[in-house]
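User: Hey, could you walk me through this one? I'd like to go question by question.

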Amino acid sequence: MRNKIRLGILGGGGDSLIGVVHRIASNMFDRFQLVGGCFNPNPKENNAFAKHIGVPLNRTYDSFDILIEEELKLPVEQRMEVISVLTPNFLHFPMAKKLLENDFNVICEKPLTTTYIEALELEALQKEKQTVFAVTYTYTGYPMVRQMKDMIRRGVLGPVQKVDLQYYQGWINPIIHDLEERAKVWRLDPKKGGASCCIGDIGTHAFDMLEYVTGMEVKQLLADLNTLYGNNPLDVDGTVLVRMSEYCKGVIRASQIATAEENNFSVQIYGSKGSLKWEQENPNRLIYLTEDKPMQVLKPGHGYLSEFAKESSKIPPGHPEGFFDSMGNIYNGVAKALRNEKHDEGAYPTIHAGVRGMLFIEKVLESHSKDNTWVNL
Ligand SMILES: NC(=O)c1ccc[n+]([C@@H]2O[C@H](COP(=O)([O-])OP(=O)(O)OC[C@H]3O[C@@H](n4cnc5c(N)ncnc54)[C@H](O)[C@@H]3O)[C@@H](O)[C@H]2O)c1
């Protein structure tokens, strides 16, 4: 039997949004085995959840610190090899730091930390330890996003000249107008979510996607944020003008108060020879526009796609794959890295992407606080 990668999980309990996505994704290519974790800070709920999902109680720990202490007592060939950090944002840094210090490989949810300085510290530690460290910008795992990346790097679009990314949700609208409801949401609490809500939570996905598919870096930005109320400290909406170079510019628009929107994330990249358009709510269609032909719609699983896109779908064309599969592709990339197998440089988002994401958040806040001026990244 194949030697499965021993996975531990922090957070992601039965009460969480993203836990089930990681558990299913880690199983998708039969490469990981969930051997233990600390899924919930309440020991009773933690144990009940571990029982429910069939994780042995002797490796279900009451706290993160106990997990590290006990796992280090095990022989290396039994110890967790990689640990996924799926807790609220403020816990990412202390958890990831201690994991790195103790030579664990890490899969960490975004945003990587709550400050850029912390992110730099983690990156320096990861370089020193040479462990595998992924940051789960989930959307980079979709086959058609990978096709987009591959077409742009092969020059199919020509030089990129205009970028437009929109990430609109509406879930904060029914919450933000009511103080009691607001107080229940950790994403709106600076102590738990960090210095930004909308830009930190979803603007970073758009920023990462932009740098991922184009292979270019944002060099300058100008941001305008909206908190909607004077007594709400964090942004719930923002518009960011970006400059990738003197002649490649665009916009990132993010909102959590776009009333009744669900998860409307769309990416539009325009080059001199053609354009690509992709929507997260319709992820199995990649629109390819050129001036000499009618609109083309590329779909997963077909022979005409790049190797990278082809290896990112598991079933024949016409069988929809989605968010879980996208995360599954990222886990598969991590598995390849852990087992020293050949993999595309975009197979999973690295810690560097996490660090760039934190720089983006801080620069957006800086630009907004300086009366919406241009700032350098
Ligand atoms: N990649 C994506 O697309 C995506 C989507 C959603 C959330 N996220 C990220 O995932 C993280 C979690 O978000 P969520 O929406 O699942 O949050 P959530 O509030 O739904 O769940 C958090 C989980 O962490 C557990 N937890 C809290 N403190 C803990 C501790 N000290 N030890 C162990 N477990 C603890 C909670 O019990 C809960 O199970 C956030 O950083 C968020 O930004 C990413």
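**Strand pairing, domains and ligand shell**

Analyst: Let's begin at a strand pair: seven bridges join β7 to strand β8 (residues 237–245), and the two run antiparallel. Keep in mind that this is a predicted model.

User: Which residue stands opposite Asn226 in β8?

Analyst: β7 covers residues 220–226, and Asn226 is in that range. β7 and β8 run antiparallel. The residue of β8 that stands opposite Asn226 is Asp237.

User: β7 also pairs with β14, so to speak, on two bridges. Which residue of β14 stands opposite Gln220?

Analyst: That pairing is antiparallel too, with two bridges joining β7 to β14. β14 spans 375–376. Opposite Gln220 stands Asn376.

User: Which residues make up the covered face of β7?

Analyst: In a regular strand, side chains alternate between the two faces of the sheet. In β7, the uncovered face holds Gln220, Leu222, Asp224 and Asn226. The covered face is Leu221, Ala223 and Leu225.

User: Zooming out to the sheet, which are its edge strands?

Analyst: The sheet is open, has nine strands and mixed pairing, and its order is β13-β12-β11-β10-β6-β9-β8-β7-β14. An edge strand here pairs on one side only. That gives β13 and β14.

User: At the β13 end, how many residues sit between β11 and β12 in their hairpin?

Analyst: Strand β11 (residues 275–279) and strand β12 (residues 286–289) pair in the antiparallel sense over four bridges. Ser275 in β11 stands opposite Leu289 in β12. The number of residues between the two strands of this hairpin is six.

User: And which residue of β13 stands opposite Leu286?

Analyst: β12 is joined by three bridges to strand β13 (residues 296–298), and they run antiparallel. These two strands also form a hairpin, with six residues between them. Leu286 stands opposite Leu298.

User: OK, whole chain now. Why can I call it as compact as a globular protein of its length?

Analyst: The chain holds 13 helices and 14 strands. The globule rule gives 21 Å for 377 residues, and the chain is close to that, so it is as compact as a globular protein of that length. The radius of gyration behind this is 21 Å.

User: What share of the contacts between residues at least 6 apart in sequence join residues at least 24 apart?

Analyst: For scale, the C-alpha trace spans about 60 × 55 × 40 Å along its principal axes, and 48% of the 377 residues count as buried. Of those contacts in the chain, the share joining residues at least 24 apart is 69%.

User: How far apart are the C-alpha centres of domain 1 and domain 2?

Analyst: The assignment gives domain 1 as 5–138 and domain 2 as 141–315 + 350–369. They do touch: 21 residues of domain 1 are in contact with 22 residues of domain 2. Their C-alpha centres lie apart by 26 Å.

User: Which element gives the largest share of the side of domain 1 that touches domain 2?

Analyst: Two elements give two or more residues to that side, α5 (116–129) and β5 (133–135). By class, the residues there divide into 13 nonpolar, six polar and two charged. The largest share, six residues, comes from α5.

User: Now the ligand: which residues come nearest?

Analyst: The shell has eleven nonpolar, ten polar and four charged residues. Out of the 25 residues around the ligand, the nearest are Gly11, Gly13, Ser16, Leu17 and Glu109.

User: What covers the buried residues of α1?

Analyst: α1 runs over residues 19–27, and its buried residues are Gly19, His22, Arg23, Ala25 and Ser26. The cover includes three strands and a helix: β1 (5–11), β2 (32–38), β3 (82–86) and α12 (323–338).

User: Last one: which residue just after α6 takes a positive phi?

Analyst: Helix α6 (residues 143–153) is mostly covered, with nine of its eleven residues buried. Among those buried are Arg146 and Lys149, along with Met144, Met148 and Met151. Just after the helix, the residue with a positive phi of about 80° is Gly155.

Key
Residues numbered from 1 in each chain as written. Predicted model: local features only at pLDDT ≥ 70, side-chain atom pairs only at ≥ 80, totals over all residues. Rg over C-alpha atoms; globule rule 2.2 N^0.38 Å. Buried ≥ 20, exposed ≤ 12 C-beta atoms within 10 Å, placed from the backbone. Contact = placed C-beta atoms within 7 Å. Domains from an automatic or database assignment. Nonpolar A, V, L, I, M, F, W, Y, C, P; charged D, E, K, R; others polar. Near = placed C-beta within 6 Å. Pairing = 2+ DSSP bridges.
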